[in-house]
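Here are a few short exercises to work through with the model open beside you. Try each task before reading its solution.

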Amino acid sequence: RIAKLYGRRVWDSRGRPTVEVEVHLADGAVGRAIAPAGASTGQGEALDLRDGGSRFGGLDVRRAVGSVNEEIAPALLGLDAIDQESVDRLLVNLDGTPDRSRLGGNAIVATSMAVLHAAAASAGVPLWRHLSGGRPVRIPLPEIQIFGGGAHADRRVDVQDFMVVCPAARSFCEALDWTAEIYRAAGSLMRKAGKAQGVADEGGFWPAFDSNEEALETLTLAIETAGFTPATQVGISLDIAASQFGTGGRYTLALDDRTLDTAGLIDMLGGWIEQYPILSVEDPVGEDDHEGMVEFTRRFGHRCQVIGDDYLVTNAKRVEAAATNGAANAVLVKPNQAGTVTEAHQALRAGKDAGFATIVSARSGESEDITISHLSVGWDAGQLKVGSFTRSERMAKWNEVLRIEEALGDSAEFSGWSAFTFPDS
Ligand code: PGA
Ligand code: ZN
């Protein structure tokens, strides 16, 4: 039973305030979690409560911490932490708004995840095992950023994430080994070309490129330089995050000052899929461009993963509709987009029921919190997206999966190619 629950303000990886919640149970078990924060947020996401005004650029969270201490804590005292669904339902009802704007999505998701941790601690098992309940799980395929762009790098290039996936690796540990070599190779290629200029929000190299294509060329070359075969061993995964540069079917590319319609954007991306070893594309068109999502999935969904992030906002109903319409074949699952652990799990299950691939994902604003590493294993998501291969708010999450893989020993099954559900995978 929940005996004590309180919030505090801590700081995220962008140096912005965020909400941490700590839950103490009557049996002495403790759970703690920190809310992450997005930069390229989708419409229909749970909204974080920020103070506004001038302090920290309006980003302070004293009101959200107040929500935890003044409203959430008294309402949750005495509840059974094992019953996550009831706790989450109470949080949703207590807030009373569809977008969680009254108490704050940040206050609610940190509470929901802290309760989950407390329940696992009370059961005396690691969180991933508490979630899997003994069902077989896979160790996820990591999607790891090499270059950051879009809203995470001042729009230096249009595409937000240039990532690699290593589905031919035999283990998570080996996938990280391969990625480390590719990351190093990409860094030295950039230094040689005089393009090394630090890192973007999620720790990938700052993309001092003159075109999206130059980034794709460099990444493919980095894969080869590191000694891997593009496509069959290591693939490219892109988050286009197209809502960031277009709406209403009009897309404006920052680099070459070009405006494309939906068909033009899809043709451009299709050209990249022909030319580069691309295995996955996220949000290829804007979140309001339903026909574009359907068209892109119809043309390329057999040969590459088509992920809805801003398009699906971790919402089970939207996942079901996308499955019916053929508007994606994979769903990104971000707990703070849904609002609670239960709702995020519902979206993931809706994806699995539809035959979609599922990816548990971090946000661009993160912390040392490693909850999502456990969700990805415990929910058997198949894939985990955390950002780059530098900076400890990212590495903490990769390192936690290494520990889980080690704990599973011989029974650890790495998802590898089975992470994907598109026909040609
Ligand atoms: P965000 O970006 O956390 O800034 O929304 C991550 C993503 O788009 O996948
Ligand atoms: Zn995204």
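**Exercise 1. Find the residue of E3 that stands opposite His24, then place the strands in their sheet.**

Solution. Start at His24: in this predicted model, the residue facing His24 is Val30 in E3. Next, look at the strands themselves. Strand E2 covers residues 17-25 and pairs with E3 through five bridges, in the antiparallel sense. Now widen the view: three strands make up an open sheet, ordered E1-E2-E3, with antiparallel pairing. Its edges are strand E1 (2-11) and strand E3 (30-34), each of which pairs on one side only. Finally, check the twist: on average, neighbouring strands of this sheet are turned by 15° against each other, direction ignored.

**Exercise 2. Work out whether H1 and H3 are parallel, perpendicular or oblique to each other, and say which residues make the contact.**

Solution. A good place to begin is the geometry, since two packed helices are described by the angle between their axes and the distance between the axes. Helix H1 (residues 62-76) and helix H3 (residues 105-123) have axes that cross at roughly 50° and come within 9 Å. An angle from 35 to 65 degrees falls outside the parallel and perpendicular ranges, so H1 and H3 are oblique to each other. Their crossing is right-handed. From H1, the contact uses Ala64, Ser67, Val68, Ile72 and Leu76; from H3, Asn106, Ala107, Ile108, Thr111 and Val115. Sorted by class, the residues of this contact are seven nonpolar, three polar and no charged.

**Exercise 3. Describe in the same way how H12 packs against H13.**

Solution. Take the numbers to begin with: helix H12 (residues 371-378) and helix H13 (residues 392-408) have axes 8 Å apart and pack at about 45°. That angle makes H12 oblique to H13. H12 passes H13 in a right-handed crossing. Then list the partners: Ile372, Ser373, His374 and Val377 in H12 meet Lys397, Glu400, Val401 and Ile404 in H13. The class count for this contact is four nonpolar, two polar and two charged residues.

**Exercise 4. Identify the protein donors of the zinc ion (ligand 2) and trace where they sit in the chain.**

Solution. Begin at the zinc ion (ligand 2): its protein donors are Asp239 (OD), Glu282 (OE) and Asp309 (OD), at 2.1 to 2.2 Å. Along the sequence, these donor residues follow the spacing D-x42-E-x26-D. Last, look at one pair: Asp239 belongs to strand E6 (residues 235-239) and Glu282 to strand E10 (residues 278-282). With their positions 43 residues apart, this pair links distant parts of the chain.

Definitions and conventions: Residues numbered from 1 in each chain as written. Chains lettered and ligands numbered in written order. Predicted model: local features only at pLDDT ≥ 70, side-chain atom pairs only at ≥ 80, totals over all residues. Heavy atoms only, no water. Pairing = 2+ DSSP bridges. Helix = DSSP H or I, 4+ residues; strand = E, 2+ residues; numbered from the N terminus. Axes fitted to C-alpha atoms, helices over the stretch in contact; angles between N-to-C directions. Parallel < 35°, antiparallel > 145°, perpendicular 65-115°, else oblique. Left-handed = near helix turned anticlockwise from the far one by under 90°. Contact = heavy atoms within 4.5 Å. Nonpolar A, V, L, I, M, F, W, Y, C, P; charged D, E, K, R; others polar. Donors = N, O, S within 2.8 Å, 3.2 Å for Na, K, Ca; no water.
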